[in-house]
Amino acid sequence: MAGIGVRLNRIFSKNTITTNLIGFGYSMVITIAPMFLVIGALIIMQQLLGYAKVDYASRELCSCTILYIFIFSLTTAAPFNAVLSRYLSDVIYNETFEDILPCYYVGLMLNILLSSLLGLPFCIREYLLGVELFFVFISYCGYMSLVLVFYSMLYLSICKDYKKISVFFLSGMVSAILLSLVLVKLFHMDVIYGILISLTVGFLVVGCLELALIKSYFRENSGKYRDVLRYFKSHWQLTITNTLYTMGMYIHNFVFWSTDMRMEVKGGFVCMPTYDMATCLAMFTNITASMIFISRVEMHFHERYKAYSEAVIGGRGADIEDAKKMMFGQLAEELMNLTRLQFIVSVVIFFIFYILLPKIGFGGQIMRMYPCLAAGYFILFIMYAAIIFQYYFNDMTGAVMTSVTFCGVTLGVSIYATRLSPLWYGIGVVAGAFTGWIVAYHRLRRMEKTLDVHIFCNGSILKRGKGRKPSNLVYAKGGTVDTKPERKH
């Protein structure tokens, strides 16, 4: 991430209103622009194609399909992203760039295999419940295309090509809008099919552009496919952490989808539109936390972490201690700054939403659920920042504990919240994120106190191996030492 930090430092160093706005815009482009491009494309297609004139049942089927495509493509990518990101960082550090293509192919195969196996039963059930086969096929293609997009984004993010990711999404969404106009206006295709086919093609365009760029960057292939699989085995904690964190973000929605308040759509789709919309608004309220965190970590903490690492390699004991204090001081400052800045942004967005949204039709139950969910997602993004810091210090056990606690508490409290009034429906997210944050903060404080042990005492003088245990007798007075290993009993 150091490349972003250098550029942001150059922008913000001038310390003017204009440069601050430029820095804020640049941060937004490199973090959350793709999401807004997809949302914008959907809104434009709906306006141009007369989506509002489509019957209610078809609109809900289309909305649920798009919702499921996004949620489950993100969920099925979660077990692989963190591990592969760590593997890529190690490869780049060792400068063995020929190992990147084997990593890409193995990860893509595993991700596609898992996504397809999980998606097929649902599609079969959807068809058996009366949804047209062509609609099922297009939905499945859109789902698999988005899986390719999210997976390939990981590699371009590692390469710091955030701007090209945004450009690719812009190209794909423009293609989707133009194609939808051709299909609906020229060939008189049904609006729902036109939107789904166009989105699928748009995602496929993005995925192909990402794949082409990755292939242009990395031309050599070492063929070390087994090393990638062994890496999954040795870093299984990353798989659990990222999977449970992603599940925790949506598991409260799944809970409400299973209640009597849900809306059943043709083909086995279930959703709760009011709660889902309130969740979406809550996420948008706090999504800038990712931008703020990446920007500040790139600009400040990364340098402190690098200085500590260099001190460990060749510094004096006093230098190491000073670098450690400065690093953890910076860590605490970044968490506090993230909380303060995001609180200000979230409050401003909250009041804007609360005043304007009821005037355009988003009121009633949605706005009753929204405040609690907004508070929950505020804490959730702060918690994830703490998880990232745990990754920095290789505290995999702490990261697993945080994600398990977050997901488990969110599930349990959300089940209980279904009995409460709509005002408290989001209390599961609040409780889960806050509990996860407490665990993560406790682990970081523990890491600060025991970092020297973690850094200097985790090695082994003797190489570990399997076999017979050597004799524990090292000296015999007046005799010879039996060096023959004793047999284990």
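This passage walks through a predicted model of a protein, from its overall make-up to a few of its residues and helices.

The protein has 489 residues, and 46% of them count as buried. Its secondary structure consists of 16 helices and 2 strands. Contacts between distant parts of the sequence feature strongly: among contacts with a separation of 6 or more, 78% join residues 24 or more positions apart. The accessible surface amounts to about 24900 Å², and carbon and sulfur atoms contribute 66% of that area.

A newcomer may first wish to know how confident the predictor was. The mean pLDDT of the protein is 82, and 84% of the residues reach a score of at least 70. Confidence varies from element to element: the lowest mean value, 52, belongs to helix 1 (residues 2–12), while the highest, 93, belongs to helix 15 (residues 396–417). Where pLDDT is low, the predicted coordinates should not be read in detail.

Helix 15 is a good place to look more closely, beginning with Thr402, which lies in this helix. Thr402 counts as buried because its relative accessibility is 0%, the cut-off for a buried residue being under 20%. Apart from neighbours within four places in sequence, Thr402 touches six residues by name: Met383, Ile387, Gln390, Gly436, Val439 and Ala440. A second residue worth a visit is Gln237, found in helix 10 (residues 236–257). Gln237 is also buried, with a relative accessible area of 17%. Once neighbours within four places in sequence are set aside, Gln237 is in contact with Met396 and Val400.

Helix 9 shows how one helix can present two sides. Its buried residues are Val228, Tyr231 and Phe232. Viewed down the axis of helix 9, these buried residues fall within an arc of 100°, and so they line one face of the helix. On the other side of helix 9, the exposed residues are Arg226, Arg230 and Lys233. The partners of the buried residues can be named too: they pack against helix 4 (56–94), helix 5 and helix 10.

One residue on the exposed side of helix 9, Arg230, leads on to the charged pairs. Side chains of opposite charge can pair when their charged atoms come close. The structure holds 5 salt bridges, and three of these are described here. In helix 9, the side chains of Asp227 and Arg230 meet at 2.3 Å, N to O. Asp227 and Arg230 are separated by about one helical turn, because they sit 3 residues apart in helix 9 (residues 225–234). Asp227 is partly exposed, at a relative accessible area of 28%.

Another salt bridge joins the side chains of Lys324 and Glu321, with an N to O distance of 3.7 Å. These residues belong to helix 13 (residues 317–356), where a spacing of 3 residues places Lys324 and Glu321 about one helical turn apart. The two partners differ in their surroundings: Lys324 is buried, with a relative accessible area of 8%, whereas Glu321 is partly exposed at 28% relative accessibility.

Helix 16 supplies a further example, in which the side chains of Glu448 and Arg445 form a salt bridge of 3.3 Å, N to O. Here again the residues are 3 apart, within helix 16 (residues 427–456), so about one helical turn separates Glu448 from Arg445. Glu448 counts as partly exposed at 29% relative accessibility, and Arg445 counts as partly exposed at 40%.

Aromatic rings provide the last part of the picture. The count of aromatic pairs comes to 30. One of them is formed by Tyr104 and Tyr151, whose ring centres are 5.3 Å apart and whose planes meet at 50°, a tilted arrangement. Tyr104 belongs to helix 5 (residues 100–128) and Tyr151 to helix 6 (residues 133–158), so this pair ties together parts that lie 47 residues apart in sequence. Tyr104 and Tyr151 are both buried. Beyond single pairs, Tyr68, Phe72, Phe122, Phe254 and Trp257 form one aromatic cluster.

Note on methods:
Residues numbered from 1 in each chain as written. Predicted model: local features only at pLDDT ≥ 70, side-chain atom pairs only at ≥ 80, totals over all residues. Heavy atoms only, no water. Salt bridge = Lys/Arg side-chain N within 4 Å of Asp/Glu carboxyl O. Helix = DSSP H or I, 4+ residues; strand = E, 2+ residues; numbered from the N terminus. Buried < 20%, exposed > 50% of the residue type's maximum accessible area, 1.4 Å probe, protein only. Contact = heavy atoms within 4.5 Å. Areas by Shrake-Rupley, 256 points an atom, 1.4 Å probe, with all protein chains shown as cover. pLDDT = per-residue confidence, 0-100. Phe/Tyr/Trp six-rings, centres within 6.5 Å; stacked < 30°, edge-to-face > 60°. Arc of directions from axis to C-beta.
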